[in-house]
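Hi there,

Here is the structure I promised to pass on, with my notes underneath. Have a look at it first, and then read on at your leisure.

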Amino acid sequence: MAVTTTSVDKSNIMQPKISGAILAGGRATRMGGNDKGLTFLNKKPLYQHVADKLSPQVDELIINANRNLDIYRQSGYQIVPDLTPDFSGPLAGMLASLKLASHDWVVFVPCDVPNFPTDLVTRLWQGKQQALAAYANNGNQTHPTIALLHRSLISQLENYLADGDRKLILFMHKIGAIAIQFDDSPIVFTNLNTPEDCQHWENTQEIKK
């Protein structure tokens, strides 16, 4: 099934309460096995950059993490590990967060994308049309980990993972997700995957407020 790509509808659409979830539960092999969310960028852990920008856009914030849970709990946000211990990828973190969320809609942002837009949630909500899921596309690349999902997708996601599937973009195709265009800047969804990426970012970029 082809995934529809759409620009944001500027009309006034009533936005419900939305939960936010930061995905920080990966192995971070390119970070030398260190917890990526706790890697410092400009004297602050990566996940905190994301939390500071996402928190004002949502009605509650959840952090999906599988290591160093006590450190993450110091943030005061709800912490939820994957439901399985095998580091099944971002879909496992999405499932755990969907199950914990208080609201029907949940927006996801990975812990290594510190520069996402301050109107991310509104644009995903307005652009999804009648779909139960939407994700970001910057014009050149899809970013399915930056997504808005409805909690009614829990059973489909459970079945998908139970079948051994792990590819996030294929799941987005399966559920008819809408790709929302974010072409404001070529660096808006830059992933910081390695210590070198973080150092380069500190030297050349400024985190957008």
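Before the details, one cut-off is needed: a residue is called buried under 20% relative accessible area, exposed over 50%, and partly exposed in between. By that scale Asp119, with a relative accessible area of 32%, is partly exposed. Please also keep in mind that this is a predicted model.

Let me stay with Asp119 and the salt bridges. Asp119 pairs with Arg123 in a salt bridge, where the closest N and O atoms are 3.5 Å apart. Its partner Arg123 has a relative accessible area of 11% and is therefore buried. As a reminder, side chains of opposite charge can pair when their charged atoms come close. How many salt bridges does the structure hold? There are 5 salt bridges in the structure, and two others are worth describing here.

One of them joins the side chains of Lys44 and Asp52, at 2.8 Å from N to O. Lys44 has a relative accessibility of 26%, so Lys44 counts as partly exposed. Asp52 is at 37% and therefore counts as partly exposed too.

Another links the side chains of Arg73 and Asp70, at 3.0 Å from N to O. Both residues belong to helix α2 (residues 69–73), and because they are 3 residues apart there, about one helical turn separates them. Arg73 is partly exposed, with a relative accessible area of 45%, while Asp70 counts as exposed at 57% relative accessibility.

Now to a position you may want to look at on screen: Asp112. The unreviewed UniProt entry carries a "binding site" annotation that covers Asp112. In the model, Asp112 is found in the loop between β7 (105–110) and α4 (120–127). Is Asp112 buried or exposed? Its relative accessible area is 5%, so Asp112 is buried. Apart from neighbours within four places in sequence, Asp112 is in contact with Lys36, Leu46, Thr190, Asn191, Leu192 and Asn193. With Lys36 there is also a polar contact between the two side chains, at 2.9 Å.

Ser19 has a similar set of notes. Ser19 sits in strand β2 (residues 18–24), and its relative accessible area of 0% makes it buried. Which residues does Ser19 contact, leaving aside its neighbours within four places in sequence? They are Val58, Glu60, Ala101, Ser102, His103, Trp105, Val106 and Val107. Of these, Glu60 makes a polar contact with Ser19, side chain to side chain, at 2.6 Å. Ala101 is 82 residues away from Ser19 along the chain, yet their C-alpha atoms are separated by 6.2 Å.

On to the rings. The count of aromatic pairs comes to 4. In one of them, Tyr160 and Phe171 have ring centres 5.1 Å apart and planes at 55°, so this pair is tilted. Tyr160 lies in helix α5 (residues 154–162) and Phe171 in helix α6 (residues 168–174), so the pair ties together parts that are 11 residues apart in sequence. Tyr160 counts as buried at 7% relative accessibility, and Phe171 counts as buried at 0%. A further pair, Phe182 with Phe189, is edge-to-face, with 5.4 Å from centre to centre and 80° between the planes. Phe182 and Phe189 are both buried.

Two lysines also sit over rings. The charged end of Lys128 is over the ring of Trp125, 4.4 Å from its centre. Lys53 lies over the face of Phe116, at 5.7 Å from the ring centre.

Finally, helix α3 (residues 90–100). What is striking on the page is its burial: 8 of its 11 residues are buried, so the helix is largely enclosed by the rest of the structure. The buried residues of α3 are Leu91, Ala92, Gly93, Met94, Leu95, Ala96, Ser97 and Leu98.

That is what I have for now. Happy browsing!

Best wishes

How values were computed
Residues are numbered from 1 along each chain as its sequence is written. This is a predicted model: local features need pLDDT of at least 70, side-chain atom pairs count only at pLDDT 80 or more; totals for chains, interfaces and linings use all residues. Side-chain values use heavy atoms; hydrogens and water are left out. UniProt positions are given in the numbering used here, feature names are shortened, and annotations may be inferred rather than shown by experiment. Helices (H or I, at least four residues) and strands (E, at least two) are DSSP runs, numbered from the N terminus. Buried means under 20% relative accessible area, exposed over 50%, partly exposed in between (1.4 Å probe, protein chains only). Contact means heavy atoms within 4.5 Å. A polar contact is a pair of N or O atoms within 3.5 Å; within protein, one must be able to donate a hydrogen and the other to accept it, and residues adjacent in sequence count only if both atoms are side-chain atoms. Rings of Phe, Tyr and Trp (its six-membered ring) pair if their centres lie within 6.5 Å; planes under 30 degrees apart count as stacked, over 60 as edge-to-face and the rest as tilted. A charge sits over a ring if NZ of Lys or CZ of Arg is within 6 Å of the ring centre and within 35 degrees of the ring normal. A salt bridge is a side-chain nitrogen of Lys or Arg within 4 Å of a carboxyl oxygen of Asp or Glu.
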